[in-house]
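This report is addressed to a reader who is meeting the structure for the first time. Please keep the sequence and the three-dimensional view at hand while reading.

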Amino acid sequence: MKDVAARAGVGLKTVSRVVNGEPGVTQETERRVREAIDALGFRRNDSARILRKGRTATVGLVLEDLADPFYAPLSGAVEEVARAHGSLLIHGSSGEDPAREEELVLALCARRVDGLVVVPASTDHRYLEPELAAGVAAVFVDRPPGRISADTVLSDNHGGARRAVEHLVGHGHRRIGFIGDHPRIHTAAERLRGYRAAMADAGLPVAAGWTSLGSTEPARVAAECVRMTSGPDPVTALFTGNNRVTVTAVRTLTAGGRTAALVGFDDFEMADLLSPGVTVVAQDPAELGRRAAARLFQRLDGAVGDPDRLVLPTRLITRGSGEQPPVF
């Protein structure tokens, strides 16, 4: 600042006012100060300035997989809200590994992020209790935290799954299969629960081989699609538990010339361009991210009270695959 003041021919206080955007400086003086800053190649030390205020203006986002199309709009929305609040966003992927999640979250806390938005892989978040007690804000999104209380933003997984199966029942299907993610994952468990509830409401049995939860790897999903739609008493419709499962199911059904109806949970790119278009239960991942980030900054701005649990609605988008009649 001394060098800038000397070059611009002003006092230190004037340089400070220009750098911090304070009033009381003429346009000509501000121009000279900024030209001096540019000529000398100086940059304001935002880290020191922010630390004096007790905040680092950074927040962390830990999610399952940055490459997953579902999480891209969620991440973008969190970043948009963070930017509007003058904060930078640091991302990390847990890979659905609880140990990796804990490692990432604690690493971000060690770097003094102001708050965290977490898509949890773990079912036990007590490791976060010391950080929360120290003032770090945390909001969980897409899935709830385990064994602690914290603000949470979810989609209506149970209701959306229930509506999907009711839709298939309404189009004459009685033998409906469900292929989903690992049952330990909250969203997969809730979608299975919605499937079972809709079947029970319709008075339909669920045969032992009609449900399959596990890895979303294409080989497993494809094998389950073939198994369920083959044999003497195949299912006539499939409800698939997320976008990755749905894409594999479409490929498998198409390659095998199978005519099972299909409704998937999560919309995905080009679902409307296939023939038939894929009927889906659509979430709004961007809105999930916006609501979670907004709640995080409310907490950072001093909001108090018990943790909130917000559940966002889903919507059924009909495109043809879920409206096909059963082939007996």
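The sections below treat one helix, a set of salt bridges, and a sheet with two helices lying across it. The model is predicted.

## Helix α3

Helix α3 comprises 14 residues, from 27 to 40. At 1.5 Å a residue, a helix of this number of residues should span 20 Å, and the end C-alpha atoms of α3 are indeed 20 Å apart, so expectation and model agree. After the helix comes G41, which has a positive phi, near 70°.

Which residues of α3 are buried? They are T29, V33, A36 and I37. Viewed down the axis of α3, these buried residues fall within an arc of 100°, and therefore they line one face of the helix. They pack against two other helices, α1 (2–8) and α2 (12–19). Q27 and D38, on the other side of α3, are exposed.

## A salt bridge within α3

The helix also holds a salt bridge between E30 and R34, whose closest N and O atoms are 3.1 Å apart. The two residues are four positions apart in α3, which means that about one helical turn separates them. Both partners are partly exposed: E30 has a relative accessibility of 31%, and R34 has a relative accessible area of 38%.

## Salt bridges between distant parts

In the whole structure, a search finds 24 salt bridges. One of them joins R55 to D114, with 3.5 Å between the closest N and O atoms. R55 belongs to the loop between α4 (46–52) and β1 (58–63), whereas D114 belongs to the loop between α6 (98–110) and β3 (115–118); the pair therefore ties together parts that are 59 residues apart in sequence. Is each partner buried or partly exposed? R55 is partly exposed, at a relative accessible area of 29%. D114 is buried, at 8%, because a residue counts as buried under 20% relative accessible area.

Another salt bridge brings together the side chains of R162 and D201, at 2.3 Å from N to O. This pair links distant parts of the chain, since R162 lies in helix α8 (residues 157–170) and D201 in helix α9 (residues 186–201), 39 residues apart. R162 is partly exposed, its relative accessible area being 26%. In addition, a network of salt bridges links E64, D68, E96, D142, R143, D181 and R244.

## The six-stranded sheet

Six strands form an open sheet with mixed pairing, in the order β7-β6-β8-β9-β10-β12. The edges are occupied by β7 (211–213) and β12 (315–317); each has a single partner strand, so one side of each is left without a neighbour in the sheet. From one strand to the next, the twist averages 15°.

At the β12 edge, the pairing can be described in detail. Strand β10 (residues 279–282) pairs with β12 in the antiparallel sense, over three bridges. Within this pairing, V281 stands opposite L316 of β12.

## Helices across the sheet

The two helices joined by the salt bridge between R162 and D201 both lie across strands of this sheet. Helix α8 lies across β6 (176–180), β8 (237–240), β9 (261–265), β10 and β12, and runs at about 170° to β9. Helix α9 lies across β6, β7, β8 and β9, and runs at about 170° to β6.

Definitions and conventions
Residues are numbered from 1 along each chain as its sequence is written. This is a predicted model: local features need pLDDT of at least 70, side-chain atom pairs count only at pLDDT 80 or more; totals for chains, interfaces and linings use all residues. Side-chain values use heavy atoms; hydrogens and water are left out. The expected span of a helix is 1.5 Å times one less than its number of residues. Buried means under 20% relative accessible area, exposed over 50%, partly exposed in between (1.4 Å probe, protein chains only). The arc is that of the directions from the helix axis to the C-beta atoms. Contact means heavy atoms within 4.5 Å. A salt bridge is a side-chain nitrogen of Lys or Arg within 4 Å of a carboxyl oxygen of Asp or Glu. Two strands pair if DSSP finds at least two bridges between them. Axes are lines fitted to C-alpha atoms, for helices over the stretch in contact, and angles run from 0 to 180 degrees between N-to-C directions.
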